[in-house]
Amino acid sequence: MISVLVNAEERRIREGTTLERLLTDLGKAHSGIAVAMDGEVVSRADWPSKELSQGARVEILTAVQGG
Amino acid sequence: MVEQHGPNGSEDPLVIAGHKLSSRLIMGTGGSGNLSVLERALAASGTELTTVAMRRADAEGGSGVLDLLRRMDIELLPNTAGCRSAAEAVLTARLAREALGTSWVKLEVHADDRTLLPDPHETLDAAEQLVGDGFTVFAYTNDDPVLALRLEEAGCAAVMPLGSPIGTGLGIRNPHNIELIVARAQVPIILDAGIGTASDAALAMELGCDAVLLSSAVTRAQDPERMAAAMRSAVHAGRLASHAGRIPQRFWAEASSPPR
């Protein structure tokens, strides 16, 4: 198991977990969201191949009301 | 219902980066606590473009607004509100492009939470990076005529000076600066922030702005739908007046009836 930060919350996941797997498990692999890992955008096409490493910082963003 | 024809009775679209919008009022979605009230206000405003913010997907308020805007066929202008540095704003813009499939962005980099004034250095830096990365940048800026020119030179598609700080409703505090910005601009100038009531929006257009962007003035009004309709009328009236050639201001009276 490794530990990663998802939206600033610590999570324990299996080594080799892909971003796609993580997002699916969190119920967030839907349209209208975007993901950054360690400060870089990971495009949707790369989710299935992107593996998370120990200490990775994942930010999952979506659009909300704002002026 | 306000007729949306132009000063000559013809179509008078707002053209930004080659894209035509028939409404010169851009109403943001911020500040509304209720989606059905927001829906009625957006409809009354006649806006075709609206702002949204990017936040963590587990934050509250994330559900619903995108579905609403898609249903209403209103285009999205994601903002970078809350960003304090160019680096943060650039990352947020890239995330918005990925999430929403638009390369349009309302760039805002705030210097502090109390004034929410734009940080000029970080804003210009971010604008240069985003233009270089293919974004269509709407730059929120202070009412500084020099900075407005620099943002245009950086390649921004529209420059958006504030009338007064965000959410204050203090109107346009330095109308002459807005006129100076308009006088030299080759890109659309959109008055953004500080609008409190309809006369502020009309004044922005009379000063020569190409459009008005507002949120709280409508969403936090006691009757948002009615205020949205008022803003729509005001923007239209101000646009007509700006092209109608107002009379010069005089110190002494000048009779309009013939002498007896």
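Colleague: What makes a residue part of the lining of the largest pocket, and which lie nearest its centre?

Modeller: On a 1 Å grid over the protein atoms alone, a pocket is an open set of points with protein on both sides within 12 Å along at least five of seven lines, and a lining residue has an atom within 4 Å of a point. By that rule 31 residues line the largest pocket, with A:Gly67, B:Ile166, B:Ser215, B:Ser216 and B:Arg220 nearest its centre. This is a predicted model: local features need pLDDT of at least 70 and side-chain atom pairs 80 or more, while totals for chains, interfaces and linings use all residues. Residues are numbered from 1 along each chain, chains are lettered from A in the order written, and side-chain values use heavy atoms, without hydrogens or water.

Colleague: How many of the residues lining the largest pocket are called polar, and why?

Modeller: Ala, Val, Leu, Ile, Met, Phe, Trp, Tyr, Cys and Pro count as nonpolar, Asp, Glu, Lys and Arg as charged, and the others, Gly among them, as polar. The lining divides into ten nonpolar, 15 polar and six charged residues, so A:Gly67 is a polar one.

Colleague: Which residues of helix 5 of chain B are called buried?

Modeller: Buried means under 20% relative accessible area (1.4 Å probe, protein chains only). In helix 5 (a DSSP run of H or I, at least four residues, numbered from the N terminus), B:Pro145, B:Leu147, B:Ala148, B:Leu151 and B:Glu152 are buried.

Colleague: Why say that they line one face of the helix?

Modeller: The arc is taken from the directions from the helix axis to the C-beta atoms. Those of the buried residues in helix 5 of chain B fall within 160°, so one face holds them.

Methods. On a 1 Å grid over the protein atoms alone, a cavity is a set of points where a 1.4 Å probe fits but cannot get out, and a pocket is an open set with protein on both sides within 12 Å along at least five of seven lines; lining residues have an atom within 4 Å of a point. Buried means under 20% relative accessible area, exposed over 50%, partly exposed in between (1.4 Å probe, protein chains only). Helices (H or I, at least four residues) and strands (E, at least two) are DSSP runs, numbered from the N terminus.
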